[in-house]
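Colleague: I am new to this structure and would like a close look at a single part, the pair of helices that begins the chain and the way this pair sits on the rest of the protein. Could you take me through that part slowly, starting from the overall size?

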Amino acid sequence: MQNLFHNYKKLLEERLDRMPLLAIGEDSIRYDFFVSLMETYTLRASQIQIEVPINHQCFIPAKEKISFRNEKPLIDLVVDEKDLQLSVEFGLFRQNSNENGTIDKTARLVKLLNDMVRVSLESYFNSTKGLFICVADSKMLGHQIRSGIVNRFPADYLITNDIIDHQLQKRTNKFDKRFLNVFRPLNRSIESRLVYNETLTATYIKKETKLLVWDVRLK
């Protein structure tokens, strides 16, 4: 899949030759990957699904009747073809409008772990390859969660029930319990291996910015 990631990197750099990272949103990150899939694998647009309901086995709905009735958690991108099966979640971790200000880096790292739980379950129940794809700038790169319970970002991660339980006790604990209620009883861990880690170079990139891809699976 390295050709896919390389082609994706080129598309992102073309976009960032036209405007700064702060001016684009996560949707642009998704759609550039959509186009790179079409170009790399000669896929039709209809073969790539964006924002589709996640497998119902991945979560236990909330107990509230209204929530239960309307609950349709989505996965960012899915390909389900004979020679290519992917389930993908995306992240965009960057500075805010105040270049000299701080951002909640720990909250972003918890989002990453939470999305890895989601995509690992989707991958497991749908028999697909799970990916978490992230564009991150210098504000996030090198962040170490204060407890040190996971490696400094970006890195390989092994996500266990103990790590999740530890973080649930912290103020930054926004895990989606609907998915934890499926993951935790499995008594499995999530192996997230960083398979692509490349610096983006473009006209509007002034500080270190990376394209990061993790292969995410239940172990």
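Modeller: In this predicted model, the radius of gyration of the protein is 17 Å, which agrees with the value near 17 Å that a compact globule would have with 219 residues. The C-alpha atoms fill a box of roughly 50 × 45 × 35 Å, taken along the principal axes. Within that box there are six helices and seven strands, and from the N terminus on the elements run α-α-β-α-β-β-α-β-β-α-α-β-β.

To come to the part you asked about, two packed helices are described by the angle between their axes and the distance between the axes. For helix H1, residues 2-16, and helix H2, residues 26-41, that angle is about 130° and the axes lie 9 Å apart. H1 and H2 are therefore oblique to each other, because an angle counts as roughly antiparallel only when it is over 145 degrees, and their crossing is right-handed. On the side of H1, the residues that meet H2 are Asn3, Leu4, Asn7, Tyr8, Leu11, Leu12 and Arg15, while H2 brings Ser28, Ile29, Asp32, Phe33, Val35, Ser36, Leu37, Glu39, Thr40 and Tyr41 to the contact. Sorted by character, the residues of this contact divide into nine nonpolar, five polar and three charged.

The pair also has to be seen against the sheet, an open one in which seven strands follow the order E1-E2-E3-E4-E7-E6-E5 with mixed pairing. Strand E1 (48-53) and strand E5 (157-159) stand at the edges, each with a single partner strand, so one side of each is left without a neighbour in the sheet. Neighbouring strands are turned by 30° against each other on average, with direction ignored. At the E5 edge, three bridges join E5 to strand E6 (residues 190-199), and these two strands run antiparallel; leucine 158 has glutamate 191 in E6 as its bridge partner.

Both helices of the pair pack on this sheet. H1 touches strand E3 (84-93), strand E4 (129-137), E6 and strand E7 (209-218), and the direction of H1 makes about 50° with that of E6. H2, for its part, touches E1, strand E2 (74-81), E3 and E4, and the direction of H2 makes about 150° with that of E3. Strands E3 and E4 are thus touched by H1 as well as by H2.

Definitions and conventions. Residues numbered from 1 in each chain as written. Predicted model: local features only at pLDDT ≥ 70, side-chain atom pairs only at ≥ 80, totals over all residues. Heavy atoms only, no water. Axes fitted to C-alpha atoms, helices over the stretch in contact; angles between N-to-C directions. Helix = DSSP H or I, 4+ residues; strand = E, 2+ residues; numbered from the N terminus. Parallel < 35°, antiparallel > 145°, perpendicular 65-115°, else oblique. Left-handed = near helix turned anticlockwise from the far one by under 90°. Contact = heavy atoms within 4.5 Å. Nonpolar A, V, L, I, M, F, W, Y, C, P; charged D, E, K, R; others polar. Pairing = 2+ DSSP bridges. Rg over C-alpha atoms; globule rule 2.2 N^0.38 Å.
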